[in-house]
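Trainee: I would like to go through the side-chain contacts of this model. Please take the charges and the rings in turn.

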Amino acid sequence: LCHAISGFPSRRLNVVGVTGSEGKTTTTCLIQSIIRHADLHSGILNSLGYCDGSKTMPADESTPGPAVMADYLARMRAGGCSHAVLELTDRSIMQRQTAGIELDVACITQWKESELVDEDHQEEFCRRKSRIFEQLRPEGLVVLNADDPTCRALEEELHHPVLTFGLHQPAAVNATLIERVASEQTFLLEWGPETIPVRTHLVGDHHIYNCLAAAAVGLAYGIPLETIVVGLERVDRIPGHL
């Protein structure tokens with residue numbers, strides 16, 4: 001109802017929904033930076049704040065309620081944004097708080113197996129986690145972590161095209177760590193025949209995964225790999241994160 005009253009603004013935007021156990025906020029920031037350096041205009045809603053493309057307000061929660069979400073998407077569209085980047089928590093998806101949003105891309109950072117109580121509930125666990133895919137447009141794309149067993153299990157059930165990323169398992173977007181010190185790390189970003197180095201001040205394997213997920217989203221929108229790397233490297237800190 002909230003989105004209908006607002007004229008279903010997500011239908012007139014390119015919308016990316018990022019969910020998972022970890023890395024959602026950082027990945028949305030990286031995607032936003034990539035889009036910005038591709039000379040595209042976007043808004044972003046995550047746990048750091050809500051931005052309609054021009055004004056930013058503090059976030060009350062990681063994923064705002066339906067009324068606030070619909071209002072910000074409408075303001076993004078009215079302000080000339082072409083893209084919207086949304087951090088979507090598991091809770092908001094499972095409680096249908098994100099109903100009414102149509103996604104171009106559903107990006108899954110990772111799903112911790114520790115969230116699974118026991119193997120007898122594996123099917124129910126996957127069913128709840130896969131609810132986000134119901135909001136994909138018919139031509140929508142799923143970005144999945146190939147190193148995550150839960151993501152790999154879900155891939156077989158999907159009816160949408162999938163773009164995978166990973167460090168260890170075969171994937172469409174890969175990375176090879178070259179050097180890591182206390183203040184920065186360098187890795188090779190690999191996409192088909194293209195390989196390009198990425199130097200970032202955020203360190204750790206977990207951040208490489210975030211970069212790979214964001215890069216996959218950028219590639220899904222046809223953004224050149226060189227531009228994607230610039231966007232990744234320009235994010236040198238995430239407020240509130242070590």
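Mentor: The charged end of Arg11 sits over the ring of Phe8, 3.9 Å from its centre. A charge sits over a ring if NZ of Lys or CZ of Arg is within 6 Å of the ring centre and within 35 degrees of the ring normal. This is a predicted model, in which local features need pLDDT of at least 70 and side-chain atom pairs count only at pLDDT 80 or more, while totals for chains, interfaces and linings use all residues. Residues are numbered from 1 along each chain as its sequence is written, and side-chain values use heavy atoms, with hydrogens and water left out.

Trainee: Over the ring of which residue does the charged end of Arg75 sit?

Mentor: Arg75 is partly exposed at 32% relative accessibility (buried means under 20% relative accessible area, exposed over 50%, partly exposed in between; 1.4 Å probe, protein chains only). Its charged end lies 4.3 Å from the centre of the ring in question, which belongs to Tyr72.

Trainee: Which residue forms an aromatic pair with Tyr72?

Mentor: The structure holds 1 aromatic pair (ring centres of Phe, Tyr and Trp, the last by its six-membered ring, within 6.5 Å; planes under 30 degrees apart are stacked, over 60 edge-to-face, the rest tilted). Tyr72 meets its partner edge-to-face, at 5.6 Å centre to centre and 70° between the planes. Tyr72 is buried at 7% relative accessibility. The partner is Tyr50.

Trainee: How many residues apart in sequence are the parts that this pair ties together?

Mentor: Helices (H or I, at least four residues) and strands (E, at least two) are DSSP runs, numbered from the N terminus. Tyr50 lies in strand β3 and Tyr72 in helix α3, so the parts tied together are apart in sequence by 22 residues.

Trainee: Which residue meets Asp71 in a salt bridge?

Mentor: A salt bridge is a side-chain nitrogen of Lys or Arg within 4 Å of a carboxyl oxygen of Asp or Glu. Asp71 is partly exposed, at 34%, and its partner is 4 residues away in helix α3, about one helical turn. At 3.1 Å, N to O, the partner is Arg75.

Trainee: Is Glu184, which forms a salt bridge with Arg199, buried or exposed?

Mentor: The closest N and O atoms of Glu184 and Arg199 are 3.0 Å apart. Glu184 lies in the loop between β9 and β10, and Arg199 in strand β11. At 13% relative accessibility, Glu184 counts as buried.
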